[in-house]
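Visitor: Could you take me on a close look at the part around the ligand, and then at what sits behind the scenes in the protein?

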Amino acid sequence: MLEELKEANDYIIGKIKETDKLILEMEDYAKEFNVPIVTKEVAKYLEFTIRSYKIKNILEIGTAIGYSGTIMAKECFNFQGKLTTIEIDEERYNEAKKNFEKSGLDNIDLHFGDALEVIPKLDETYDFVFMDAAKGKYGDFFDLVLPKMNKDGLIFIDNIMFRGYLYKEYPKRFKTIVRNLDKFINRLYEEHDFVLLPFGDGIGIVKISS
Ligand SMILES: C[S@@+](CC[C@H](N)C(=O)[O-])C[C@H]1O[C@@H](n2cnc3c(N)ncnc32)[C@H](O)[C@@H]1O
């Protein structure tokens with residue numbers, strides 16, 4: 001979460017009352033085992049977007065334990081939609097599998113592997129992509145999903161401002177990721193219909209026009 005906006009974000013998060021048992025269980029698990037999951041206000045925005053645009057076919061890059069996946073699959077189920085989601089870490093993949101089973105949702109296609117290898121093998125097209133995996137590879141993920149997007153589709157890119165390191169001092173080890181993300185943002189502004197929103201950890205949204 002962007003530290004500069006932490007108080008505003010905390011206020012918003014304080015207003016969100018979650019009652020779903022599985023979602024609450026996953027939040028506790030993520031906290032206990034230090035698994036990064038989408039922040040609550042961003043999860044709400046995801047749900048809101050899927051509902052508003054009646055989004056059907058969703059691709060998620062970075063499942064973790066299936067937290068955002070469950071939220072999105074539940075929402076698009078109302079429009080006969082389906083979620084395809086990819087996770088590279090075996091332990092998290094197995095945890096997500098269990099959580100999806102517990103959810104009772106049958107509109108989820110979970111893949112184990114590196115999204116860079118899995119995406120080219122997917123033969124569907126998507127209305128919505130939630131990009132939430134290795135930040136340094138965002139440009140590569142984007143190039144792979146672009147040809148698979150339906151007209152008017154949205155690509156939702158989480159953590160695009162990478163803890164604020166794009167505009168403030170950052171630890172040296174993140175130099176390459178910061179440079180790649182900064183170049184990626186320039187490219188999105190120059191070549192696409194793109195907005196950058198400073199909440200959560202920075203969200204980028206690309207609208208596909210053709
Ligand atoms: C921020 S977490 C995802 C959180 C999840 N979307 C949620 O909000 O519940 C990012 C995940 O991406 C996975 N990941 C990283 N690089 C990946 C890759 N190349 N392909 C697939 N998954 C990847 C990580 O193992 C991690 O579990």
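Guide: Let's agree on a word before we start: a residue is near a molecule if one of its heavy atoms lies within 4 Å of it. Keep in mind, too, that this is a predicted model. With that settled, 22 residues surround the ligand, and the closest are Val38, Gly62, Glu87, Ala115 and Asp132.

Now for some polar pairs. Gly62 uses its backbone: an N or O atom there lies 2.8 Å from a nitrogen atom of the ligand. Asp132 uses its side chain instead, with a polar atom 2.8 Å from a nitrogen atom of the ligand. Arg92 also brings in a polar side-chain atom, this one 2.9 Å from an oxygen atom of the ligand. On its own, the ligand has 610 Å² of accessible area, and the protein covers 91% of that.

On to the nonpolar side of things. The largest nonpolar core has 32 residues, and Ile58, Met72, Phe128, Phe130 and Phe156 touch the most other members. Helices H2, H3, H4 and H5 each supply at least two residues of this core, and so do strands S3, S4, S5 and S7. Helix H4 gives the most, with five residues.

Try clicking on Phe128. Leaving aside neighbours within four places in sequence, Phe128 is in contact with ten residues' worth of company that includes Leu46, Ile58, Met72, Leu154 and Phe156. Apart from this core lies another, of 31 residues, including Leu2, Leu122, Val129 and Val145. As a rule, nonpolar side chains in soluble globular proteins tend to be buried together.

Terms used
Residues are numbered from 1 along each chain as its sequence is written. This is a predicted model: local features need pLDDT of at least 70, side-chain atom pairs count only at pLDDT 80 or more; totals for chains, interfaces and linings use all residues. Side-chain values use heavy atoms; hydrogens and water are left out. A nonpolar core is a set of buried Ala, Val, Leu, Ile, Met, Phe, Trp, Tyr and Cys residues joined through side-chain atoms within 4.5 Å. Buried means under 20% relative accessible area, exposed over 50%, partly exposed in between (1.4 Å probe, protein chains only). Helices (H or I, at least four residues) and strands (E, at least two) are DSSP runs, numbered from the N terminus. Contact means heavy atoms within 4.5 Å. A polar contact is a pair of N or O atoms within 3.5 Å; within protein, one must be able to donate a hydrogen and the other to accept it, and residues adjacent in sequence count only if both atoms are side-chain atoms. Accessible areas come from the Shrake-Rupley method with a 1.4 Å probe; for residues, only the protein chains shown count as cover.
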